[in-house]
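Colleague: I would like a close look at one part of this model. Please take the central strand pairing and work outward from there.

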Amino acid sequence: MEAKNVVLSVEHLVKSFGDFEVLKDINLAVHEGEVVCIIGPSGSGKSTLLRCINQLEQPTGGAIKYHGDDMLAEGADIRAFREKVGMVFQRFNLFPLKSVLGNITLAPVLTGHKKKAEAEQLAMELLKKVGLESKADAKPAMLSGGQQQRVAIARALAMEPEALLFDEPTSALDPELVGEVLAVMKSLAEGGMTMVIVTHEMAFARDVADHVVFMADGYIVEEGPPKEFFAHPKEERTKAFLSRFLDG
């Protein structure tokens, strides 16, 4: 792909908590329409990387660029950036007192992107997309975890972002609910949504990702197209990790 198609790039990113260096010289490019899956053992820095990209955590050093503009530079418009690069969290983070419809329409109306009626029309279209149009008036507590996560995805899409970051979106779900969330994410991928996904779902990474990144101990150890990555891992650390998940 040509460089002009790079939506997000992470350059020499470093993040420390006190003396503990969590991210060590991370470099990553995400192209338009690309699905990047980040995998690796717990504590490898995957979620911290995602949180640094949208600056829920402040990086210690390096650059995070959106269409070539450094979002860590003084004067960068972080709010506008977050509107363009949405985030879906592990724990849904829905507002418990608002209805499903209210959760989805809140940000577009508050930011002035949409009038209320327009936001509600879009919300209903998104609920249909995630298979929950009948739940518009329900409160989050009335929904299963899988349904709540699908609402959270619809909420992120309501801002009409260019890209979405997913931080282990299925790890808080009961196993039987994982599939319904992955199905929504797969349909987004098929629709050309640019996505960066931290996940433990190896089959999803293998089948849906365009690019797989393996992290361990704060480093990117290995990366590549899924077919090559899963069939012929080069690094011993990658082989050891994958052997726990993949037969043979």
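Modeller: What follows starts with one strand and then moves to its surroundings.

This is a predicted model, in which local features need pLDDT of at least 70 and side-chain atom pairs count only at pLDDT 80 or more, while totals for chains, interfaces and linings use all residues. Residues are numbered from 1 along each chain as its sequence is written, and side-chain values use heavy atoms, with hydrogens and water left out.

Start with β7, residues 163-167. Helices (H or I, at least four residues) and strands (E, at least two) are DSSP runs, numbered from the N terminus. In β7, 5 of 5 residues are buried. Buried means under 20% relative accessible area, exposed means over 50%, and partly exposed lies in between (1.4 Å probe, protein chains only). In a regular strand the side chains alternate between the two faces of the sheet. Both faces of β7 are covered. Ala163, Leu165 and Asp167 are buried on one side. Leu164 and Phe166 are buried on the other.

Now the partners. Two strands pair if DSSP finds at least two bridges between them. Strand β6 (residues 85-88) runs parallel to β7, joined by 4 bridges. Val85 has Ala163 as its bridge partner in β7. Strand β8 (residues 194-198) also runs parallel to β7, here with 5 bridges. Ala163 has Thr194 as its bridge partner in β8.

The connection from β7 to β8 comes next. β7, helix α6 (residues 175-190) and β8 form a right-handed β-α-β unit. Right-handed means that, with the strands pointing away from the viewer, the path from the first strand over the helix to the second runs clockwise. Glu168 sits in the loop between β7 and α6. Its phi is positive, about 45°, although Glu168 is not a glycine. With a relative accessible area of 12%, Glu168 is buried.

Strand β6 leads on to the largest pocket. The pocket has a volume of about 600 Å³. The elements giving two or more residues to its lining are α2, β6, α3 and α5. The lining has 22 residues, and Arg82, Met87, Ala107, Arg155 and Met159 lie nearest the centre. The terms need their cut-offs. On a 1 Å grid over the protein atoms alone, a pocket is an open set of points where a 1.4 Å probe fits, with protein on both sides within 12 Å along at least five of seven lines; lining residues have an atom within 4 Å of a point. Grid points are joined across faces, edges and corners, and the volume is the space filled by probe spheres set on the points.

Take α3 (residues 100-110) from that lining list. Its buried residues are Val100, Leu101, Gly102, Asn103, Ile104, Thr105 and Pro108. They pack against α4 (116-129) and α5 (145-157). Just after α3, Gly112 takes a positive phi of about 80°.

Ala76 lies in the loop between β5 (69-70) and α2 (78-84). Ala76 counts as partly exposed because its relative accessibility is 24%. Setting aside neighbours within four places in sequence, Ala76 is in contact (heavy atoms within 4.5 Å) with Asp70 and Met71.

Helix α1 (residues 46-53) is largely enclosed by the rest of the structure, because 6 of its 8 residues are buried. These are Lys46, Thr48, Leu49, Leu50, Cys52 and Ile53. Arg51 is partly exposed, at 27% relative accessibility. Its side chain meets that of Glu57 in a salt bridge (3.6 Å, N to O). A salt bridge is a side-chain nitrogen of Lys or Arg within 4 Å of a carboxyl oxygen of Asp or Glu. Just after α1, Gln55 has a positive phi of about 60°.

The structure holds 10 salt bridges. Among them is Glu236 with Lys239, closest N and O atoms 3.5 Å apart. These two are 3 residues apart in helix α9 (residues 236-243), so about one helical turn separates them. Glu236 is exposed at 57%, and Lys239 is partly exposed at 35%. Another is Lys234 with Glu228, at 3.9 Å between the closest N and O atoms. Lys234 is exposed at 58%, while Glu228 is partly exposed at 38%.
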